[in-house]
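Colleague: I am new to this structure, and I would like to know what stands behind the words used for it. Could we go through them one at a time?

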Amino acid sequence: MASSGKTLGFFSLTMIVVSLVVGMGIFGTPAKVAATSGSSIIFFSVWLTGGLVALCGALTYAEIGVRLPVMGGYYKIFAECYHPAVGFTVNALILISNAASLGVVALIGADYVSDLLFGKPSGQGFTVAVSIIAVCLFYTVNLMGLQTSSRMQNILTVVKTAVMILLIASVLKGIMVEPHGYNENSSVYKIEDHGWLKLYMISLVPVFFSYGGYQQTINFGSEVQQTSIFPKAIISGIFISILLYVGINFAYTQVIGYERMKNASAIGALLCEAWFGKTGAKVFDGLMFLSVLAYVNVSLMSNPRVMYAMSQDQVLPAFFSKRNSKTLALTGGLTVFAIITIIITFFGKEVDNILGFSIFLDSIGMSTSAATLFILRKRRKNEEAVSGGWTKWTPLLAAIFVLAYAGVAVAVIIDKPLAALTGVILLLLLTIVYFIFYHRKKA
């Protein structure tokens with residue numbers, strides 16, 4: 001690895017964007033969106049709208065990344081543009097939420113391994129063991145440095161993308177596959193009962209979060225070979241994600257049927273069944289575990305960089321900025337994040353239910369982080385590095401993006417007021433913790 005640490009080229013950064021966006025949700029979320037949308041026109045409209053808003057966000061964060069090319073950029077934009085207290089509170093909660101989500105995803109991946117090997121769920125000991133092995137495996141990969149972990153991510157993402165293209169191509173088989181089960185606890189909405197606008201807005205919320213994740217790309221700002229790569233990679237990654245999402249949703253409606261896919265379980269497995277018959281479920285188990293591995297690796301790549309930046313600003317202990325002198329691996333933050341994730345696996349998937357506030361927090365985080373573009377522009381931050389005709393449109397696109405996610409935050413408040421209140425209380429508590437710590441440090 002180069003001593004400068006500028007490891008990531010265009011392809012590697014593009015693959016990071018795709019892996020941050022395209023996760024396991026695309027194999028389940030469309031069934032829920034079909035149930036809330038009320039019509040196939042609204043169904044496809046919300047996926048296209050989500051893609052366009054994501055493209056606005058991609059161009060926004062591309063310029064933010066160029067203007068502030070630092071490690072742990074998602075913390076630094078809050079700290080520099082608002083206040084270090086804001087950077088600490090928002091990112092501390094996001095780190096906790098991300099560690100919990102990673103633990104839960106690893107456990108879900110273990111369930112798929114169990115089904116693949118034994119055809120049935122295994123006990124808690126097996127799922128925890130598989131989860132820990134997965135985390136430890138990619139912890140080791142990341143200890144070897146960003147060059148090694150990014151190459152591994154490239155392989156995982158390319159394979160997953162190829163398999164998704166294969167699933168999209170299931171429409172060429174010209175057959176229909178019947179769902180094997182439904183989520184009976186979820187409602188099916190009808191336009192005549194709720195109106196198209198309400199169903200459109202309800203359906204947009206999960207779609208927006210299906211397209212999220214790419215904002216974390218700015219955490220790698222100081223490790224990109226050239227700042228000019230940022231816009232190209234983020235935009236390319238979002239375009240690939242949009243094509244995959246729209247393509248696989250089209251496949252769902254053609255192979256399963258829009259009406260029959262509403263709240264159907266394991267719809268991704270049905271596309272595998274179109275290709276492989278009864279063994280399709282096993283292929284799907286393998287695909288899901290592959291998605292889990294890609295998520296584990298990219299999470300261990302991204303989150304320690306936020307910890308590093310927070311440690312550099314002395315809002316976290318110096319241990320979090322420890323690095324390996326040869327590989328430049330972030331040994332401090334990486335070790336702590338991996339340990340927290342492993343501990344969470346012992347508490348089970350129920351941890352995810354406690355994190356209801358994370359949707360509200362993510363929407364607030366996306367809206368306020370994108371708004372930093374206006375502050376960075378006003379300060380003319382790194383002005384000489386910003387180039388290209390696309391930049392004259394980014395203020396307008398950023399405004400659209402900020403308003404879109406502010407709207408999602410309002411929708412979450414209306415739909416889940418307790419979760420939103422929990423998020424606000426936690427932010428206030430962490431703000432108090434920050435000022436107590438900060439003033440003690442200054443003293």
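**Reasons behind the labels**

Modeller: Let us begin with serine 299, which has a relative accessible area of 6% and is buried; please keep in mind that this is a predicted model.

Colleague: Why is serine 299 called buried?

Modeller: Buried means under 20% relative accessible area, and serine 299 has 6%, so the word applies. Serine 299 is found in helix α12, residues 280–312, and, leaving aside its neighbours within four places in sequence, is in contact with Leu102, Pro304 and Phe337. Of these, Phe337 is itself among the buried residues of α13.

Colleague: What makes the span of helix α13 close to the one expected?

Modeller: Helix α13 covers residues 331–345, which is 15 residues, and reaches 21 Å from its first C-alpha to its last, against the 21 Å expected at 1.5 Å a residue.

Colleague: Why does leucine 421 count as partly exposed?

Modeller: Partly exposed lies between the limits of under 20% for buried and over 50% for exposed, and leucine 421 has a relative accessibility of 48%, so it is given that label. The place of leucine 421 is in helix α17, residues 417–442, and it helps make a nonpolar surface patch of about 590 Å² together with Leu418, Ile425, Leu429, Ile432 and Ile436.

Colleague: Which helix has the lowest mean pLDDT among the elements of the protein?

Modeller: That is helix α14, residues 351–354, with a mean of 63, whereas helix α1, residues 10–21, has the highest, 95. The protein averages 89, and 96% of the residues score at least 70. Where pLDDT is low, the predicted coordinates should not be read in detail.

How values were computed. Residues numbered from 1 in each chain as written. Predicted model: local features only at pLDDT ≥ 70, side-chain atom pairs only at ≥ 80, totals over all residues. Heavy atoms only, no water. Patch = residues over 30% accessible without salt bridge, like charges linked within 9 Å, V, L, I, M, F, W, Y side chains within 5 Å. Areas by Shrake-Rupley, 256 points an atom, 1.4 Å probe, with all protein chains shown as cover. Salt bridge = Lys/Arg side-chain N within 4 Å of Asp/Glu carboxyl O. Helix = DSSP H or I, 4+ residues; strand = E, 2+ residues; numbered from the N terminus. Buried < 20%, exposed > 50% of the residue type's maximum accessible area, 1.4 Å probe, protein only. pLDDT = per-residue confidence, 0-100. Expected span 1.5 Å × (residues − 1). Contact = heavy atoms within 4.5 Å.
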